[in-house]
Structures are given as C-alpha cells and as structure tokens.
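Thanks for sharing this one. Here are my notes on the ligand and the pockets, set out as numbered points to read alongside the model.

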Amino acid sequence: MSGALITFEGVEGSGKTTQMLRLERWLRAKGYRVERTREPEGTRLGAAVRRLFERPGIRPEPLVEVFLFMAARHQHVVEKIRPWLERGRIVLSDRYADATVAYQGGGRGVPADLIRELNVRATGGVLPDLTLLFDLDPAQGFRRIGRRRLDHFERQTLAFHRRVRRGYLEILRAEPKRVRLIRAALPPDEVTRQVRTVVEEFLRGA
Ligand code: TMP
C-alpha cells in the first residue's frame, strides 16, 4: 500500500476537526492527493451506527458499543480506507481505532487487550501511520463546545471524559513514535503550526 493514514484523536472540543480541515487544505495546496473521512460516520452503515446511539431507549452495554464501533470500522476500511491507500492517497480520519481503546476501554472499562485484538480484525491490519493526539482538559473542551446540543457521548460525566483523556495518554506512552501529542489548549493558529511541523516531519521520513 503506497498511501498514508493519518488519524486525529482527542477528547470532545479539542479542535481536531477544525485542524483536520486546515491540514487537508494545506496538503492539497502542496499537491498531495488527500481524502478526508471520519468514524463512525465514514460509511452509510457507520452513519446508521452513530444514529443508533441517539435513539431513545437504546442503551448499549459497553461491549456492545465496542462491537458497534468495530462493525463501522471494518466497513469503513473495506469500503473506503484500504482502496484509497491502494491508490496512494493521504487519508485523514477524524477518529479511528484508538478511539475505541480510549472511550470504551478507558471510559467504559472494557479490557484494552480485547479492544486491541478486535481492532486488528476490524482494521485488517490497516493501522494509522501517524496519529495526532489533541490533548486538553475535557472541562476546557466542554467550555469550547458551549451550549450546542450535546450528543450521547458528550453527555457523559466529566469523570468519564477524564478517563478517556487518560486512555489516550496511555496509548501515547505505549506508542510514542506513531502517536504525537498536540497541545490543543493553545490558540488555534499555534495548534495549526504544531500539526504542520509533525506532519512535515512525517512526510519527509515517509
Ligand atoms: P465526534 O468525533 O463527532 O465527537 O463523534 C464521535 C463520537 O463517538 C465521540 O463522542 C466519540 C465516540 N466514539 C467512541 O466512543 N468510540 C469509537 O470507537 C469512536 C470511533 C467514536
């Protein structure tokens, strides 16, 4: 496979989606062929999974959450990500395999080893070449989100989101070469500079 998969991870309100759009424009201007996607909504099946969480009366068990996100992920890899990588594209994904380790592992207490094993199956071994972890205190993230209507995961307690943050930081500690810390509490233009520095370095070495 000749392309590269770059994933964007972090707690709610970390600004990763805005930064991903900026990076996409910047890479395109440099002549790279880029595809942008997100999880779980990257396919129609994934969008249906996302909507499930918002349906009244549906309260998936932690392990069911894992299965649902894995189902969306496998479909996403087969339908979109793998074909793009085979065509040499740089694929930018707003969340991917690490999100399940952080949210369902760190947040909900599903054993991380089990999630990692299922991720290997769900991704068929298509793992990120580079992951940007947008780190900030979830309380600050929620101040940024402000009063917009919160979704299922955003409505969880602050303690839940702090566990998610810790889950992400553990992934960073375990894989410091693949995962790069972005200090998301800084002003947006400064965050953009950090992202470009990390991605430039990655592309030079890739
Ligand atoms: P967002 O990226 O637009 O915030 O929406 C995705 C939501 O789904 C977010 O709250 C995190 C959650 N999520 C998980 O809990 N596990 C996963 O594996 C993924 C991909 C997302």
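1. A word on classes before we start: Ala, Val, Leu, Ile, Met, Phe, Trp, Tyr, Cys and Pro count as nonpolar, Asp, Glu, Lys and Arg as charged, and the others, Gly among them, as polar. With that in hand, the lining of the largest pocket comes to 13 charged, 8 nonpolar and 7 polar residues. Do keep in mind that this is a predicted model.

2. On the largest pocket itself: its space amounts to about 550 Å³. It is lined by 28 residues, and E12, K16, R38, R95 and E154 are the closest to its centre. Four helices, α1 (16-29), α3, α4 and α6 (138-145), each put at least two residues into this lining. The top contributor is α4, with 4 residues.

3. Where does the ligand sit? The space it takes is the largest pocket. Around the ligand, two elements give two or more residues to the shell, namely α3 (62-86) and α4 (97-107). Here too α4 has the largest share, again 4 residues.

4. Which residues come closest to the ligand? Of the 13 that surround it, they are E12, R38, R95, T100 and Q104. By class, the shell holds 7 charged, 4 nonpolar and 2 polar residues. E12, R38 and R95 deserve a second look in your viewer, being listed among the closest to the ligand and also among the closest to the pocket centre.

5. Three side chains are worth checking for polar contacts with ligand oxygen atoms. For T100, a side-chain N or O atom is 2.6 Å from an oxygen atom of the ligand. The corresponding distance is 2.7 Å for R95 and 2.8 Å for E12. As for cover, the ligand taken alone exposes 470 Å², and the protein buries 94% of that.

6. Please don't skip the second largest pocket, which holds about 230 Å³ of space. Its lining is made up of A97, D98, V101, R116, N119, V120, L127, P128, I171, A174, E175 and R178. The elements giving two or more residues to it are α4, α5 (112-123) and α7 (158-174). By class, this lining divides into 7 nonpolar, 4 charged and 1 polar.

7. One thread to follow through the figures is α4. This helix gives the most to the lining of the largest pocket, provides the largest share of the shell around the ligand, and is among the elements with two or more residues in the lining of the second largest pocket.

Terms used. Residues numbered from 1 in each chain as written. Predicted model: local features only at pLDDT ≥ 70, side-chain atom pairs only at ≥ 80, totals over all residues. Heavy atoms only, no water. Near = heavy atom within 4 Å. Polar contact = N/O pair within 3.5 Å; in protein donor to acceptor, adjacent residues only side chain to side chain. Areas by Shrake-Rupley, 256 points an atom, 1.4 Å probe, with all protein chains shown as cover. 1 Å grid on protein atoms, 1.4 Å probe; cavity = no way out; pocket = protein on both sides within 12 Å on 5 of 7 lines; lining within 4 Å. Sits in = over half its atoms within 2 Å of the grid points. Points joined across faces, edges and corners; volume = space filled by probe spheres on them.
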